[in-house]
Amino acid sequence: MGVFEVFTDYNHEQVVFCQDKVSGLKAIIAIHSTALGPSLGGTRMWQYANDDEALVDALRLSKGMTYKAAVAGLNLGGGKAVIIGNSATQKNELLFRTFGKFVEGLAGRYITAEDVGTSVRDMEYVRMETTYVTGISQTLGGSGDPSPVTGYGVYVGMKACANEMWGNDSLKNKKIVVQGAGKVASYLCEHLDSESAEIYVCDINEDRIKELASRVKVNVINPEEVYEIEADIFSPNALGAIINDETIDRIKAPIIAGGANNQLKDEKKHGKILMDKGVLYAPDYVINAGGLINVANELEGYIRDRALAQAESIYSVLKNIFKTSKEENIPTFEASNKIAEDRIKNISGLNRIYSGKSEFSGKFNHFFRR
Ligand code: NAD
């Protein structure tokens, strides 16, 4: 397939292939859209089977970031980078500083962050070569772990779902099944507990479940039981693709609202089945946008309270998605994609291209639409 055919399929603005023999760096930076602002998305380090697989991953993930930022009301575009390599054995300072130089070369059209296979520490090396990196540690003036804001956003999003389903925001005494007891789930459970929800939680890691149960009032269940429990809300916060042919009829809750990425194995098919069954599905990239809102905040000088306040917008964004979904009789994920596309079209006019450094300076307070 010709290079531009691949671009055209995903409608990307720019794809950069980076190679440096001395450090061993092989990376792809995909900038899907800068129509709303500089593209932002993490750097994934993964041992891909081949270069094509790495390219497709970068294209797919960066496109997803465009939609996520647009629907969250951020004035940011979508980008993503992949470093081809083994994150357990091939990471070092030189590799990430070299990568940072490539990011710097894009003059702000792409802002990076950590992702699967990379860490806050790695981003600190990137930061030595470029300011176009976010999600660095609090000790260096960054925003640190985004999970508290992600967890809060999921909680707020659940309230929007409750309001839509029952006409009332309250989660008091609602039976909520939480899959995963990791970072996002733990913060979520704290909020749910403070509102006296009835929480059922599982994890395959016993230490994590013990830690959570020592602090928060939860009922611990077996990971296999998770789909069988009659509940008000099912909240996936562990794995992707958990709504699939095998699980979709077993999930008993009328609401699915959780922080995990890529919950629908097949967006179109499983999104439609959920709609037909009358299950209210909060699109994952909308309800878990707190993490992105958090790192976007770092670009403006990080204030945790402001990030939390901005994450509250997830409530109205979801309500608007549910409204569009009802009015147009389309699944919620489709309604969300449509709202994102409309916003890009309306705000950016004729496919505006973000030109980098010259536009970047002095505009930090514009990353969030008020
Ligand atoms: P985490 O690694 O802290 O937590 C995930 C937990 O899921 C782990 O404790 C793991 O043991 C558990 N788990 C794995 N398989 C399981 C299974 N089959 N059943 C039950 N539990 C299982 O990760 P996290 O940061 O809390 O992220 C959770 C999800 O949210 C991921 O999909 C992530 O991509 C997504 N997400 C996270 C953030 C964030 O700010 N951390 C932002 C957006 C999206």
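Q: How many salt bridges does the structure hold?
A: This predicted model holds 25 salt bridges. Some of them are taken up one by one below.

Q: What makes E124 and R121 a salt bridge?
A: The closest N and O atoms of E124 and R121 are 2.9 Å apart. A salt bridge asks for a Lys or Arg side-chain nitrogen within 4 Å of a carboxyl oxygen of Asp or Glu, so the pair E124 and R121 counts as one.

Q: Where do E124 and R121 lie?
A: Both belong to helix α4 (residues 120-127), where three residues, about one turn of the helix, set them apart.

Q: Why is E124 called buried?
A: E124 has a relative accessible area of 14%. Buried means under 20%, so E124 is buried.

Q: What about its partner: why is R121 called partly exposed?
A: The relative accessibility of R121 is 43%. That class runs between the buried limit of 20% and the exposed limit of 50%, so R121 is partly exposed.

Q: How do you know that E211 and R215 form a salt bridge?
A: For E211 and R215, the closest N and O atoms are 2.8 Å apart. The cut-off is 4 Å, so this pair is a salt bridge. Helix α7 (residues 206-215) holds both residues, four residues apart, about one turn of the helix.

Q: Why are E211 and R215 called partly exposed?
A: E211 stands at 39% relative accessibility, and R215 has a relative accessible area of 42%. Partly exposed covers what lies between 20% and 50%, so the term fits E211 and also R215.

Q: What makes D249 and K277 a salt bridge?
A: The side chains of D249 and K277 meet at 3.1 Å, N to O. With a limit of 4 Å, the pair therefore counts as a salt bridge. This pair links distant parts of the chain: D249 is in the loop between β10 and β11, K277 is in helix α8, and 28 residues separate them.

Q: Why is the link between D249 and K277 also called a polar contact?
A: Their side chains are joined at 3.1 Å. A polar contact needs a pair of N or O atoms within 3.5 Å, so D249 and K277 fit that term too.

Q: Why does D249 count as exposed, while K277 is partly exposed?
A: D249 has 57% relative accessibility, and exposed means over 50%, so D249 is exposed. K277 has a relative accessible area of 38%, which is between 20% and 50%, so K277 is partly exposed.

Q: Which residues are linked in a network of salt bridges?
A: The network links R44, D57, R60, K80 and D115.

Q: What makes T150 a buried residue?
A: T150 has a relative accessible area of 8%. The limit for buried is under 20%, so T150 is buried. T150 sits in helix α5 (residues 147-166). Leaving out residues up to four places away in sequence, T150 touches V184, N288, G290 and G291.

Q: What is said about the phi of N11, and why is N11 called exposed?
A: N11 is a residue other than glycine with a positive phi, near 65°. N11 is in the loop between α1 (3-10) and β1 (14-20). Its relative accessibility is 57%, and exposed means over 50%, so N11 is exposed.

Q: Why is N262 called partly exposed?
A: N262 has a relative accessible area of 46%. This falls between 20% and 50%, so N262 is partly exposed. N262 is not a glycine, yet has a positive phi of about 50°. Its place is the loop between β11 (255-256) and α8 (267-277).

Q: How many salt bridges are there between domain 1 and domain 2?
A: The count is zero. Domain 1 covers 3-140 and domain 2 covers 147-330. Between these two domains, four residue pairs are in polar contact. Helix α2 (residues 51-71) gives the most to the side of domain 1 that touches domain 2, with five residues. By class, that side of domain 1 has eleven nonpolar, three polar and one charged residues.

Q: How much area do domain 1 and domain 2 bury between them?
A: They bury about 1,200 Å², with 71% of it on carbon and sulfur atoms. In this meeting, 15 residues of domain 1 are in contact with 15 residues of domain 2.

Terms used:
Residues numbered from 1 in each chain as written. Predicted model: local features only at pLDDT ≥ 70, side-chain atom pairs only at ≥ 80, totals over all residues. Heavy atoms only, no water. Domains from an automatic or database assignment. Contact = heavy atoms within 4.5 Å. Buried area = accessible area lost by both parts, 1.4 Å probe. Polar contact = N/O pair within 3.5 Å; in protein donor to acceptor, adjacent residues only side chain to side chain. Helix = DSSP H or I, 4+ residues; strand = E, 2+ residues; numbered from the N terminus. Nonpolar A, V, L, I, M, F, W, Y, C, P; charged D, E, K, R; others polar. Buried < 20%, exposed > 50% of the residue type's maximum accessible area, 1.4 Å probe, protein only.
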